[in-house]
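Work through the exercises below with the sequence and the structure at hand. Each task is followed by a solution in steps.

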Amino acid sequence: MNILGPDALVFGVDDLPACRQYLTDYGLRDAGNDFFEALDGTGIVLRAKDDATLAPAMGTASMLRETVYGVADAATLDAIEAELRRDREVRRDGGVLRCVDDLGFALAFQVSVRRPLALAAEAINAPGAAPQRAPNVTAVDDRLPALPRSLSHVVYFVPDAAKAEAFYTRLGFVCTDRFLGVGPFLRPAGTQEHHTLFMIQTPPFMKGCEHFTFHMGGPTELLLAGTRFVDKGYQSFWGPGRHRFGSNWFWYFNSPLGCHVEYDADMDRHDEHWSAREAPMGADASQLFLFQHREKWAPSGPPPGAKPAH
């Protein structure tokens with residue numbers, strides 16, 4: 001089934017003004033009707049938590065109310081509907097197909113709204129390789145917009161990761177890597193990206209969204225966007241750093257949406273020839289390296305431990 005990845009995530013929130021400001025400061029564009037979009041048209045939908053149009057809440061602290069997947073064409077929608085009608089209620093609202101997965105997460109499927117992008121990726125110069133930047137073209141520009149390009153992935157807390165994985169496998173998702181005893185990284189058939197969905201086994205009372213993230217144009221954009229976010233007063237949760245599985249750069253932040261929000265960049269791509277890796281969950285398996293943000297500084301005295309001159 002030609003599922004491309006998430007088109008949108010729908011949240012029912014406690015504080016609409018704070019969430020609007022957060023997503024705007026994060027770099028998404030207010031496209032109207034509380035839809036905040038990345039450059040390719042994917043994005044986040046905000047609603048008040050008591051909005052009658054929302055799917056039912058999950059009975060936990062999670063504010064995620066629906067995950068909307070983009071698919072390649074109407075034939076894919078028909079195939080998904082036929083598969084899901086075998087054992088559950090499925091609704092058609094215009095061109096949108098809606099259901100609930102085996103763990104209680106509300107899902108929607110639609111022909112994708114993603115717009116094609118024609119943007120340059122980050123270019124580097126390295127000894128032994130042909131230069132990627134022409135002479136007199138600098139890599140650092142404080143005016144760089146550093147805007148989110150595309151909704152990358154969502155991470156769920158689930159009480160039964162094996163049951164959840166079995167459901168998404170029915171829809172053509174495949175496991176690219178796995179944290180043992182925790183959960184799989186899943187890639188739908190319509191993309192080669194390492195994952196658009198990751199699941200973490202947790203007690204039932206934690207069920208919901210752990211984080212979501214948008215792709216940036218490279219590590220410099222990620223670091224610049226994250227630094228600007230910190231400068232606006234938002235609290236860094238984890239990062240910046242680089243993951244092992246997926247190889248993507250990351251920087252996570254706390255948010256008023258009841259979950260963490262990440263910037264990511266430079267994710268691996270895989271095809272049917274890839275063999276999934278397995279590793280225990282832990283810092284060494286989840287991050288290749290980790291930086292800690294601090295205020296800008298310059299040396300103003302002798303290094304720590306230096307002996308005074310005589």
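**Exercise 1.** In this predicted model, determine which residues lie on each side of strand E16, and whether the two faces are covered or open.

Solution.
Step 1. Locate E16, which spans residues 260-265.
Step 2. Sort its residues by side. In a regular strand the side chains alternate between the two faces of the sheet. His260, Glu262 and Asp264 are on one side of E16, and Val261, Tyr263 and Ala265 are on the other.
Step 3. Apply the cut-off: a residue is buried if its relative accessible area is under 20%. Six of the six residues of E16 are buried, so both faces count as covered by the cut-off for burial.

**Exercise 2.** Find which strands pair with E16, and in which sense.

Solution.
Step 1. Take E13, residues 208-215. E13 and E16 are parallel and are joined by five bridges. In this pairing Phe214 stands opposite Tyr263.
Step 2. Take E15, residues 249-253. E15 and E16 run antiparallel, again with five bridges. Here Phe250 is opposite Asp264.
Step 3. Look at the link between E15 and E16. Their hairpin has six residues between the strands, and Gly258 in this hairpin has a positive phi near 75°.

**Exercise 3.** Work out where the buried residues of helix H3 lie around its axis.

Solution.
Step 1. List the buried residues of H3 (161-170): Ala161, Ala164, Glu165, Phe167 and Tyr168.
Step 2. Check their spread. They cover an arc of only 160° around the axis, so they sit on the same side of H3.
Step 3. Go past the end of the helix. Just after H3, Gly172 takes a positive phi of about 95°.

**Exercise 4.** Describe the surroundings of Arg88: is this residue buried or exposed, and what does its side chain meet?

Solution.
Step 1. Place Arg88 in the loop between helix H2 (74-84) and strand E6 (91-93).
Step 2. Its relative accessible area is 16%, so Arg88 is buried.
Step 3. Look for polar partners. The side chain of Arg88 makes a polar contact with the side chain of Asp102 at 2.7 Å. A polar atom of the Arg88 side chain also lies 2.9 Å from the backbone oxygen of Val100.
Step 4. List contacts beyond four places in sequence. Among them are Cys99, Asp101, Phe167 and Arg170. Phe167 is also one of the buried residues of H3.

Conventions:
Residues are numbered from 1 along each chain as its sequence is written. This is a predicted model: local features need pLDDT of at least 70, side-chain atom pairs count only at pLDDT 80 or more; totals for chains, interfaces and linings use all residues. Side-chain values use heavy atoms; hydrogens and water are left out. Helices (H or I, at least four residues) and strands (E, at least two) are DSSP runs, numbered from the N terminus. Buried means under 20% relative accessible area, exposed over 50%, partly exposed in between (1.4 Å probe, protein chains only). A polar contact is a pair of N or O atoms within 3.5 Å; within protein, one must be able to donate a hydrogen and the other to accept it, and residues adjacent in sequence count only if both atoms are side-chain atoms. Contact means heavy atoms within 4.5 Å. Two strands pair if DSSP finds at least two bridges between them. The arc is that of the directions from the helix axis to the C-beta atoms.
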